Every structure is written in C-alpha cells, then in structure tokens.
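Please open the model in a viewer and keep the selection panel at hand. The tour proceeds by selections, each followed by a description of what is found there.

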Amino acid sequence: WLKPLVQVLMATTVRAHLDRQRQGKVEVNVKAMGSAPALRQPRFTIDGTKKFSKLTSYLKEALKVETLYVYCQDAFEPSPDECLADLFKCFGSGNKLNISYSSEQAFN
C-alpha cells in the first residue's frame with residue numbers, strides 16, 4: 001500500500017516543480033517564410049504555461065488563415081500540447097523563442 005502512495009506523492013512533487021518552472025512570460029519572435037503573410041507585430045510575450053496550439057491558433061487568427069505550418073527554430077513542428085516555457089528552455093536563444101510559419105509545408 002505504501003508504493004502507490006509514494007508514486008502519487010512523487011507525481012505531485014514533479015507536477016508542482018514543472019508548474020513553477022513554467023511560470024512567467026515567454027518572448028516570442030515570429031517570422032514568415034515563403035509566401036505567408038507577415039505579422040504586423042512580430043515580437044510579443046505570451047504566458048509560458050500556454051500550449052503551442054494556443055500560439056498556432058493566435059497566429060491563424062491574426063493572419064486570417066485556416067492552414068498554417070508553425071516551426072520552432074526553423075527546424076521542427078512542436079507537438080500541439082507542448083508548453084511554450086518548455087520550448088523556450090530547450091530551444092530559446094537570445095532570451096526569446098524563435099518561431100517561423102508558412103502557408104505551405106516547409107520541411108519534411
């Protein structure tokens with residue numbers, strides 16, 4: 001009976017640690033690739049706890065497009081449920097997270 005209790009406590013501790021690490025804002029720098037329209041404000045901050053899907057939805061709405069391919073560091077499409085703070089900690093450079101987007105798939 002003790003092992004399940006320890007697992008629950010460890011999971012709670014890990015979750016609390018991740019929540020603390022994800023607090024705060026992330027500065028995002030976005031750039032258009034190919035024939036995608038340019039965003040009027042290419043630099044902004046967003047809550048680090050937000051998911052990548054929220055950023056993608058914001059960009060689609062701001063650019064008034066239905067389909068958009070969004071990349072981190074001009075290299076890969078993060079999972080929609082990835083936290084922006086986690087992406088920043090792993091792939092941020094110069095105190096910002098560099099995001100690019102395209103109306104057509106840019107990388108295979």
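Begin by selecting Phe44, which is buried, with a relative accessible area of 13%. The coordinates belong to a predicted model, and every value below is computed from it.

Next, add Tyr58 to the selection. The ring centres of Phe44 and Tyr58 lie 5.3 Å apart with the planes at 65°, so the pair is edge-to-face. Because Phe44 belongs to strand 2 and Tyr58 to helix 2, this pair ties together parts that are 14 residues apart in sequence. Unlike the buried Phe44, Tyr58 is partly exposed, at a relative accessible area of 38%. The model has 2 aromatic pairs by the criterion applied.

**Helix 2**

Select residues 52–63, which form helix 2. Does the end-to-end distance agree or disagree with the expected span? For 12 residues at 1.5 Å a residue the expected span is 16 Å, and the end C-alpha atoms are 17 Å apart, which agrees.

Now colour Phe52, Leu55, Thr56, Leu59 and Leu63, the buried residues of this helix. Viewed down the axis of helix 2, the buried residues fall within an arc of 100°, so they line one face. Their packing partners are strand 1, strand 2, strand 3, helix 3 and strand 4. Just after the helix, select Lys64, whose phi is positive, near 55°.

**The nonpolar core**

Which residues have the most contacts inside the largest nonpolar core? Select Val30, Ile99 and Tyr101, which hold that position in a core of 20 residues. At least two core residues come from each of strand 1 (25–32), strand 2 (43–47), helix 2 (52–63), strand 3 (69–72), helix 3 (84–91) and strand 4 (97–102). Helix 2 gives the most, with 4 residues.

Centre the view on Val30 and display its surroundings. Leaving aside residues up to four places away in sequence, Val30 touches Leu39, Pro42, Phe44, Leu59, Ile99 and Tyr101. Two of these names have appeared earlier on the tour: Phe44 from the aromatic pair and Leu59 from the buried residues of helix 2.

**The salt bridge**

Finally, select Lys31 and Asp74. These residues form a salt bridge, with the closest N and O atoms 3.1 Å apart. Asp74 sits in the loop between strand 3 and helix 3, while Lys31 lies in strand 1, so that the link joins distant parts of the chain, 43 residues apart. Both partners are partly exposed: Asp74 has a relative accessible area of 31%, and Lys31 stands at 44%. The count for the model is 1 salt bridge.

Key. Residues numbered from 1 in each chain as written. Predicted model: local features only at pLDDT ≥ 70, side-chain atom pairs only at ≥ 80, totals over all residues. Heavy atoms only, no water. Core = buried A, V, L, I, M, F, W, Y, C linked by side-chain atoms within 4.5 Å. Buried < 20%, exposed > 50% of the residue type's maximum accessible area, 1.4 Å probe, protein only. Contact = heavy atoms within 4.5 Å. Salt bridge = Lys/Arg side-chain N within 4 Å of Asp/Glu carboxyl O. Expected span 1.5 Å × (residues − 1). Arc of directions from axis to C-beta. Phe/Tyr/Trp six-rings, centres within 6.5 Å; stacked < 30°, edge-to-face > 60°.
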